[in-house]
Amino acid sequence: MHRVSRRSVSAILRRGSGRYKNAAAPISSTTSLNFTAGDGESKLRWYSALTSNDSTYRSAVDFNMRNGFFVASRQESTAAASDTTDTAVEKYEYQAEVSRLMDLIVNSLYSNKEVFLRELVSNASDALDKLRFLSVTEPELLKDAVDLDIRIQGDRDTGIITITDSGIGMNRQELVDCLGTIAQSGTAKFLKALKDSKDAGADSNLIGQFGVGFYSSFLVADKVAVATKSPKSDKQYVWEGEANASTYTIREETDPEKILPRGTRITLFLKHDDKGFAHPERIQKLVKNYSQFVSFPIYTWQEKGYTKEVEVDEDPAEAKKDGEEEKPEKKKKTKTVVEKYWDWELTNETQPIWLRNPKEVTTEEYNEFYKKTFNEYLEPLASSHFTTEGEVEFRSILYVPAVAPQGRDDIINFKTKNIRLYVKRVFISDDFDGELFPRYLSFIKGVVDSNDLPLNVSREILQESRIVRIMRKRLVRKAFDMILGISMSENRDDYEKFWENFGKHLKLGCIEDRENHKRLAPLLRFFSSQSENEMISLDEYVENMKPDQKDIYYIAADSVSSAKNTPFLEKLLEKDLEVLFLVDPIDEVAIQNLKSYKDKNFVDISKEDLDLGDKNDEKEKEMKQEFGQTCDWIKKQLGDKVASVQISNRLSTSPCVLVSGKFGWSANMERLMKAQHVGDASSLEFMRSRRVLEINPEHPIIRSLQAAFKSGVDDQEALRAVELLYDTALISSGFTPENPAQLGGKIYEMMGMALSNKWAAPFDAQHPVNRPQNPKTIEAEVVEPVEADPQK
C-alpha cells in the first residue's frame with residue numbers, strides 16, 4: 001500500500017493535468033489510498049480509479065465528490081509517492097501546435113488583408129536601415145554598389161508578387177532564427193544590441209517590433225519563398241513555407257541566374273481569391289496608402305506608354321486615282337498610336353514634411369502636402385506643425401479644411417478618416433472612434449507620427465492608455481489654438497467661412513466636453529438684438545454690457561425675425577439691453593451647458609422670475625393690490641392651462657405673455673422635442689414646464705378685463721376674451737396651440753363682432769326683394785335638353 005501525503009494530494013487536485021516525475025510506483029485501480037488524519041480528526045478513506053500505463057496516464061482530470069468518496073478518472077500524471085511535506089518543483093517550457101498557432105496569427109491578428117504589403121515593405125525598409133547603419137563601420141558591406149531601394153513586381157495573370165530589397169540579407173542561421181522562430185523580431189534584437197553597446201548612432205527609424213509581420217503574407221498567399229543573400233556570405237539561401245503547414249525548408253540557391261548581389265527577394269504565390277492583389281495598379285495604391293513616407297525609394301513595375309506617329313497604308317483605289325490625276329507629290333498619311341511598355345516607376349514621391357523643421361517649410365509646401373494627402377482641391381484655412389517632447393513624443397501637422405464635406409453630416413457620422421496615424425513614417429490606421437480627437441473636432445485633418453504609441457500586434461488598433469490620453473489632450477489643445485488664430489485674423493471673412501461650415505461642431509463641444517468650455521466659449525458666434533446681420537462673439541457682448549448689467553440675456557427662436565419680434569424683448573429694448581438670438585436648434589442646449597461666461601450667467605428671457613435690475617418693491621405691491629383679484633379671476637377661468645397669473649415686468653406694448661417655468665423646457669425646446677421622430681409622449685409631458693401668464697396692467701385690454709371682473713357679472717364675452725387672450729399669448733410666446741381649428745373659430749367670431757355693419761348697410765336694405773301682393777299659380781314649361789352636334 002502506498003501512502004501519499006496530504007500536500008501531494010493537494011498538488012494533484014490543483015495540477016491534475018500536469019506531469020509529476022520520479023514516480024516510485026504506478027497507482028493502479030486496485031490501489032487504495034489511506035490518509036491518516038491528525039490527532040482528534042476523523043479518518044476518511046479515498047478510493048482511486050487511476051489506471052497505470054507505464055507510469056503515464058492519458059486522460060484529463062475529472063474529479064467527482066460523492067458521499068465522502070473521491071473518484072478520479074484516468075489522468076496523465078506521474079506523481080511521486082512521498083511522505084515528505086515538500087514536493088519537487090520542476091520548470092517546463094510551453095509547447096505549441098505550430099500550424100494552429102500560425103493560423104491564429106494570420107487570421108486573428110489582422111482584420112484587413114491588404115496590410116500584408118505594409119508589413120513586408122516595413123521589413124524591407126528595416127533591412128536597408130540596418131545595412132546603412134552597419135556600413136558606417138563596415139564600408140565593405142556596400143562593395144556591390146547596389147542602390148538602396150525596394151522594388152515590387154506583380155503578375156496579375158499568374159498571381160505572383162515579388163518584393164526585392166537590397167538590404168542586409170540573411171545567412172542560413174539567421175533564416176532559422178528570424179523566419180523559423182515565431183514572434184522573434186530581428187529588428188528588436190538589433191535595437192537591443194545597439195542599446196547594450198551604448199552606441200550613440202543607433203537608428204530610431206527601424207520599424208519592426210513584434211516579429212510576426214512576415215507571417216501576414218499568408219493572409220493572401222498559399223506559398224512563400226524567401227531568397228536572401230548576406231553581404232558577409234558568398235552563399236544565397238532560399239526559405240520556403242506554406243500556409244497551414246508546420247514545417248519549412250531551407251536550401252542553398254544553385255541557379256546562377258537567380259543569385260542576388262545582396263538583399264532579399266520575397267515571392268508570394270497568391271491564393272485564387274486574392275490574385276487581385278497582384279494587379280500593378282492595386283500594388284501602387286497600397287504602397288501610396290501605407291508606405292508613402294518610407295525613407296527609401298519604392299519602385300513598382302508599371303505599364304507605361306508613349307505616343308508616336310506611324311504611316312498609314314494608302315487605299316489602292318485612291319492611289320490609282322491620284323496617279324491618273326498626276327498631282328504633285330503629297331505627304332504620306334500618318335496616325336498617332338500609343339506604344340506600351342513596362343518599366344519601374346517611383347511610387348513614394350511625397351516627402352514626410354512633418355519630420356522637417358517647421359521654420360524650413362513654406363506655406364505652399366504645407367498646402368501642397370494637404371491637397372495630396374487628403375485629395376483636396378481647396379487650400380486649408382489654417383495649419384499647425386508641431387513637435388511634442390517629454391513624457392510623450394510625437395510629430396504632427398493639423399489642418400482646418402476650407403469647407404465641410406458634402407453629402408453627409410459629420411456630427412452624426414464622425415468616423416471621417418481625417419486623422420492618419422503613422423509609426424516611424426509607416427501608415428497604421430485612419431479608423432478611430434474618438435481615441436485621438438473628440439467627436440466635435442472630427443473635421444480636423446492631419447497626420448500624427450509617433451514611435452511610442454501603444455499599438456496591438458496587428459498595428460491596426462490603438463490601445464487605450466495614459467499615453468493616448470496625453471496625446472489626445474495635446475492634439476485638442478493645438479486644434480483650439482489653430483481655430484483661435486483664425487478667429488483673431490485680420491480677415492474676418494475667414495472665420496465667418498469657418499463658422500458657417502463648422503460652427504455646429506463647436507456648439508456640440510459645449511455639450512460634450514466640459515473640460516474645454518473655457519476654450520470653446522470665445523469661439524462661439526451669435527446674432528443679437530443689436531447685431532441682426534452680423535454675428536458677434538461673447539467677448540463683444542460682454543464689452544457692450546451696461547455697467548449695472550449682471551447677466552447675459554438670450555432668447556431661443558427658429559429665426560432672427562421671430563426672435564426680434566417676440567414680446568419678451570419689449571422692456572429690454574427700452575432699456576437698451578442687448579439680447580443674444582439663438583436661432584440654431586443646438587444653440588439653446590449649448591448655452592445651457594456653458595451656464596456662464598466670465599462670471600456672467602446666461603439668462604433666458606422667456607423664463608419666469610426675470611430680473612432686469614430695476615425692481616421697485618412699492619410699485620409691485622401697489623400693482624398686486626390693484627390687480628391681484630383680477631389675476632385670480634383670470635386663473636380661475638383658464639384652470640389648469642396655466643400655473644398662475646402674475647403682473648409682468650417685461651412687457652410694454654403687449655397685453656400679456658406666456659412664460660415658461662425656470663427649470664422646464666422653453667417654448668423653443670418644446671417645439672424641437674415634439675419634432676423628434678423618436679420622441680416619447682410620456683417624457684414630453686413630464687418635461688413640459690409650468691406655464692405662467694404674465695399680464696401688462698398698463699394695456700387697455702387688461703384694464704377692460706379688470707372692469708369686467710369688478711362689474712361682478714360673468715359676461716360670456718369677457719370669458720371668451722380671456723380664452724382668446726390666452727390662445728394669442730400662446731402663439732406670440734412661441735408655443736403651439738393644441739387645437740388650431742378651435743382657435744381659428746374664436747378669431748373669426750371676434751372678427752365678425754368687430755366688423756359687423758362697419759362699412760356696408762344691411763344686405764336686406766341694399767337689395768330689397770319685390771314680392772307680389774296677390775300670389776298666383778304660375779305654370780312652368782318643361783324644356784327637353786337637346787344634344788349638340790359633335791361636328792359643329
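Okay, let's start with one cut-off, since I'll lean on it throughout: a residue counts as buried when its relative accessible area is under 20%, as exposed when that is over 50%, and as partly exposed in between. Keep in mind that what we're looking at is a predicted model.

With that cut-off in hand, take Asp 149. Its relative accessible area is 7%, so Asp 149 is buried. And who does Asp 149 pair with? Its salt-bridge partner is Arg 151, and their closest N and O atoms sit 3.2 Å apart. Arg 151 comes in at 26% relative accessibility, so this one counts as partly exposed. So that's a buried acid joined to a partly exposed arginine.

Let's step back for a second and look at the whole chain. We have 792 residues here, and 41% of them count as buried. The chain has 22 helices and 26 strands. If you take contacts between residues at least 6 apart in sequence, 71% of those join residues at least 24 apart. As for the outside, the accessible surface comes to about 46500 Å², and carbon and sulfur atoms account for 48% of that.

Back to the charged pairs. How many salt bridges does the structure hold? The count is 28, and I'd like to show you a couple more of them.

Go to helix H3, which covers residues 115-137. Asp 129 and Arg 132 are both in there, three residues apart, and that's about one turn of the helix. These two form a salt bridge, with 2.5 Å between the closest N and O atoms. Is Asp 129 buried or exposed? At 1% relative accessibility, Asp 129 counts as buried. Arg 132 has 34%, so Arg 132 falls in the partly exposed class.

Next, find Glu 253 and Arg 251. Their side chains meet in a salt bridge too, at 4.0 Å from N to O. Glu 253 has a relative accessible area of 11%, which means Glu 253 is buried. For Arg 251 the value is 36%, and that makes Arg 251 partly exposed.

Finally, something that goes beyond a pair. Which residues make up the network of salt bridges that includes Arg 492? Arg 492 is linked there with Glu 496, Glu 534 and Glu 540.

So if you're opening this model later, here's a little tour to follow: begin at Asp 149 and Arg 151, move to Asp 129 and Arg 132 in helix H3, then visit Glu 253 with Arg 251, and end at the network around Arg 492, Glu 496, Glu 534 and Glu 540. That's it from me, thanks!

How values were computed:
Residues are numbered from 1 along each chain as its sequence is written. This is a predicted model: local features need pLDDT of at least 70, side-chain atom pairs count only at pLDDT 80 or more; totals for chains, interfaces and linings use all residues. Side-chain values use heavy atoms; hydrogens and water are left out. Helices (H or I, at least four residues) and strands (E, at least two) are DSSP runs, numbered from the N terminus. Buried means under 20% relative accessible area, exposed over 50%, partly exposed in between (1.4 Å probe, protein chains only). Contact means heavy atoms within 4.5 Å. Accessible areas come from the Shrake-Rupley method with a 1.4 Å probe; for residues, only the protein chains shown count as cover.
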